[in-house]
Amino acid sequence: SLATVTAFSLSIWVIKDTFDGVYRDMFWLGGEYNTNHNFIFQHDQSNTMELDVMWSGTNGRWYIAVPDTAWHNYVITYASVDDTTDPIFYKDSVSQSVTERQAPTGSRQTSTRNEIAVGSASAFYNPFLELWDGKIAEVALWNRVLTSSEASLLGSGVSAAAIPDGLLF
């Protein structure tokens, strides 16, 4: 079940066409917004890429700066062991400085829904207002945290198929 994945890694190649001052969803995993979700989006006003993960109290939200409109590979790894665990972001194989926008509280939420959306949010969360404004290529999802060596391989252009352990999508 994808929705109950608590440790995951996502690799995604993206290019942003414009920065227009709104939220733009790249990847969605889980179910309804108020039930369970993990998603990556671009916050154009601050030129950041954010991970938003559903917890029972407050969602965990972390971000990195995204200053340009060039092709980049991003690998985001997260293991929701407890509410003090932060994700790791890699941009083109290099670990990035991650800022916590909102600390998670409570317990990690799970769901029976198994939705994946690439380039928008879940259908239950009005995807038509949150479409990605750019291009997306070679999306992959694992049910574990990738090592920094594996993230480096992906950032150098190696196919996700070369890292089959835990590959879901």
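**Entry 1: the hairpin**

I began with the turn between two neighbouring strands, and I found that a hairpin of six residues joins E4 to E5. Before going further I noted that I am working with a predicted model. I then looked up how E4 and E5 pair, and I read six bridges between them, with the strands running antiparallel. For one bridge I wrote down the partners, which are Val 53 and, in E5, Gly 60.

I also asked which other strand pairs with E5, and I found E9, residues 99-102, joined to E5 in the antiparallel sense over three bridges. In this pairing, I noted that Tyr 63 stands opposite Thr 99 of E9.

**Entry 2: the chain as a whole**

I stepped back to the full chain, whose secondary structure I list as eleven strands and one helix. Reading from the N terminus, I get the order β-β-β-β-β-β-β-β-β-β-β-α, with the helix after the strands.

I looked up burial next, and of the 169 residues of the chain, 46% count as buried. For the surface I noted that the chain exposes about 7300 Å², of which carbon and sulfur atoms supply 52%. I also checked contacts between residues at least 6 apart in sequence, and 64% of these join residues at least 24 apart.

**Entry 3: the nonpolar cores**

I turned to the interior and found that the largest nonpolar core has 20 residues, and that those with the most contacts inside it are Met 26, Met 49, Leu 51, Tyr 74, Ile 76, Tyr 78 and Phe 89. Two or more residues come from each of strands E1 (7-16), E2 (23-30), E4 (48-53), E5 (60-65) and E6 (72-79), and I noted that the largest share, four residues, comes from E1. I then recorded another core that lies apart from this one and has nine residues, among them Tyr 90, Leu 146, Ala 151 and Leu 154.

**Entry 4: salt bridges around Arg 61**

How many salt bridges does a search of the whole structure find? I recorded five, and I took those of Arg 61 before the others. Arg 61 forms a salt bridge with Glu 50, and I noted 2.8 Å between the closest N and O atoms. Because Arg 61 lies in strand E5 and Glu 50 in strand E4, this pair ties together parts that are eleven residues apart in sequence. I checked the burial of both partners, and Arg 61 and Glu 50 are each buried.

Arg 61 also meets Asp 52 in a salt bridge, for which I wrote down 3.7 Å from N to O. Here again I found both residues, Arg 61 and Asp 52, buried. Following the links further, I found that Glu 50, Asp 52, Arg 61 and Arg 101 are linked in a network of salt bridges.

**Entry 5: the salt bridge of Arg 144**

I closed with the pair Arg 144 and Asp 165, which form a salt bridge whose closest N and O atoms are 3.3 Å apart. Arg 144 lies in the loop between strand E11 (134-142) and helix H1 (148-155), and Asp 165 lies in the segment after H1, so I read this pair as tying together parts that are 21 residues apart in sequence.

Are the two partners buried or exposed? Arg 144 has 18% relative accessibility and therefore counts as buried, the limit being under 20%. Asp 165 has a relative accessible area of 52%, so I entered Asp 165 as exposed, a class that starts over 50%.

Technical notes
Residues are numbered from 1 along each chain as its sequence is written. This is a predicted model: local features need pLDDT of at least 70, side-chain atom pairs count only at pLDDT 80 or more; totals for chains, interfaces and linings use all residues. Side-chain values use heavy atoms; hydrogens and water are left out. Buried means under 20% relative accessible area, exposed over 50%, partly exposed in between (1.4 Å probe, protein chains only). Contact means heavy atoms within 4.5 Å. Accessible areas come from the Shrake-Rupley method with a 1.4 Å probe; for residues, only the protein chains shown count as cover. A nonpolar core is a set of buried Ala, Val, Leu, Ile, Met, Phe, Trp, Tyr and Cys residues joined through side-chain atoms within 4.5 Å. Two strands pair if DSSP finds at least two bridges between them. A salt bridge is a side-chain nitrogen of Lys or Arg within 4 Å of a carboxyl oxygen of Asp or Glu.
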